[in-house]
Amino acid sequence: QPVVVFEHVCKRYGNGTLGLNDVTFSVYPGEFIAVIGPSGAGKSTLLRSINKLHNVTEGRILIGGEDISKAKGSHLRTLRRKIGMIFQNYNLVYRLSVLQNVLHGRLGYMGSLQGMIGRYREEDKEKAVELLKEIDMGDFLNTRAADLSGGQKQRVGIARAFMQEPQILLCDEPIASLDPSSAKIIMDMIYSMASRRRIACLVNLHQIDVAKAYATRVIGLRKGRIVFDGPPGDMGDDV
Ligand code: ADP
Ligand code: ADP
């Protein structure tokens, strides 16, 4: 049973731009999908549609078999709990520690952080520490996020995403702000953590070589349309 289904999805922005144009595909558990294409092709529009950060104009999106167009309020929050996100610019709360970001990160970007710091379950703290050790950040639990390097910040972003035990992981240009050696470490971590847990992963990338190195499947976008969908070995030169 697929975890994500797009059926003839179109997304038209207010100014008339077509971000997605008749996009149809399904994602299964354990797939590691690179979404590639030039700037403006619709990669982030596609990821943002899965998380319902905006509504699509036409077509249907199913998450775990459920049509997300109808999901609102607490139901939408329950759906989003299945979806982890990793961002190009990390989206950490910089005045908080590494551990606090992993424990409270979701609250952070939902704007309801005030009053929640320091309130957590002991088992959640143990889980956060375990995740941070898994990505070699065990020595930085109490370091302020502001004081980390880019690669370390993204590791905290990874731990935060896995904290919610997602079924789907969306990574929007996760290595675009990193130097090549940090980028490799981050891609290795995302790949090994997602595949060990059989999480379906969609990663927006603009580097085709990185897509080829990791992806089980590549979706190529151009002007909002899918122009390629298959294993990286089948990619022609024109994707
Ligand atoms: P990519 O992530 O591949 O660079 P995007 O999904 O950001 O592409 O953009 C796809 C198209 O939609 C582009 O033409 C872009 O200019 C347009 N677009 C993206 N966001 C908006 C927006 N908020 N309002 C209007 N047009 C947008
Ligand atoms: P509320 O219903 O309390 O307003 P939402 O779940 O609608 O909270 O989230 C508000 C904002 O938080 C969203 O617009 C989005 O930017 C961000 N957000 C929520 N859930 C996620 C998530 N799983 N991944 C990334 N960003 C999220």
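Here are some worked exercises on the structure above.

The model is predicted, so local features are limited to pLDDT of at least 70 and side-chain atom pairs to pLDDT 80 or more, while totals for chains, interfaces and linings use all residues. Residues are numbered from 1 along each chain as its sequence is written, and side-chain values use heavy atoms, with hydrogens and water left out.

**Exercise 1: the four-stranded sheet**

Work out the strand order of the open sheet of four strands, and find its edges.

Step 1. Get the terms straight: helices (H or I, at least four residues) and strands (E, at least two) are DSSP runs numbered from the N terminus, and two strands pair if DSSP finds at least two bridges between them.

Step 2. Read off the order, which is β2-β1-β4-β5, with antiparallel pairing.

Step 3. Look for strands that pair on one side only: these are β2 (18-27) and β5 (66-67).

Step 4. Zoom in on one pair. Strand β4 (residues 58-63) meets β5 in the antiparallel sense over two bridges, and I63 sits opposite E66 in β5.

**Exercise 2: the six-stranded sheet**

Do the same for the open sheet of six strands, and check how its strands are turned.

Step 1. The order here is β6-β7-β8-β3-β9-β10, and the pairing is mixed.

Step 2. β6 (83-87) and β10 (225-230) each have a single partner strand, so one side of each has no neighbour in the sheet.

Step 3. On average, neighbouring strands of this sheet are turned by 15° against each other, direction ignored. For angles in general, axes are lines fitted to C-alpha atoms (for helices, over the stretch in contact), and values run from 0 to 180 degrees between N-to-C directions.

Step 4. For a parallel pair, take strand β3 (residues 32-36) and β8, joined over five bridges. In that pair, A34 faces V203 in β8.

Step 5. Now add a helix: α5 (residues 150-163) packs on the sheet and touches β6 and β7. Contact means heavy atoms within 4.5 Å. The direction of α5 makes about 170° with that of β6.

**Exercise 3: helix α1 and T45**

Is T45 in helix α1 buried or exposed, and what does T45 touch?

Step 1. Place the helix. α1 (residues 43-50) lies across β1 (4-12), β2 and β4, at about 60° to β2.

Step 2. Check the cover, with buried meaning under 20% relative accessible area, exposed over 50% and partly exposed in between (1.4 Å probe, protein chains only). Six of the eight residues of α1 are buried, among them L46, L47 and I50.

Step 3. T45 has 8% relative accessibility, so T45 counts as buried.

Step 4. Skip residues up to four places away in sequence, and the contacts of T45 are K11, Y13, G19, L20 and H54.

Step 5. Look just past the helix: α1 is followed by K52, which has a positive phi near 55°.

**Exercise 4: salt bridges**

How many salt bridges are there, and which parts do the R60 and R197 pairs tie together?

Step 1. Apply the rule: a side-chain nitrogen of Lys or Arg within 4 Å of a carboxyl oxygen of Asp or Glu. The count comes to 10 salt bridges.

Step 2. Take R60 and E7, whose side chains meet at 3.0 Å, N to O. R60 is in strand β4 and E7 in strand β1, so this pair ties together parts 53 residues apart in sequence. R60 is partly exposed at 37% relative accessibility, and E7 is partly exposed too, at 28%.

Step 3. Next, D124 and R121 form a salt bridge with their closest N and O atoms 3.3 Å apart. At 19% relative accessibility, D124 counts as buried.

Step 4. Then comes R197 with E134, at 3.0 Å, N to O. R197 lies in the loop between α6 (180-196) and β8 (200-205), and E134 in helix α4 (residues 122-134), so the pair links parts 63 residues apart in sequence. R197 is partly exposed at 35%, and E134 is partly exposed at 32%.

Step 5. Finally, salt bridges with shared partners join E31, R217 and D229 into one network.

**Exercise 5: A145**

Where is A145, and which residues is A145 in contact with?

Step 1. A145 is in the loop between α4 and α5.

Step 2. The relative accessible area of A145 is 0%, so A145 is buried.

Step 3. Leaving aside neighbours within four places in sequence, A145 contacts L92, V93, Y94, L96, S97, N101 and K153.

Definitions and conventions:
Chains lettered and ligands numbered in written order.
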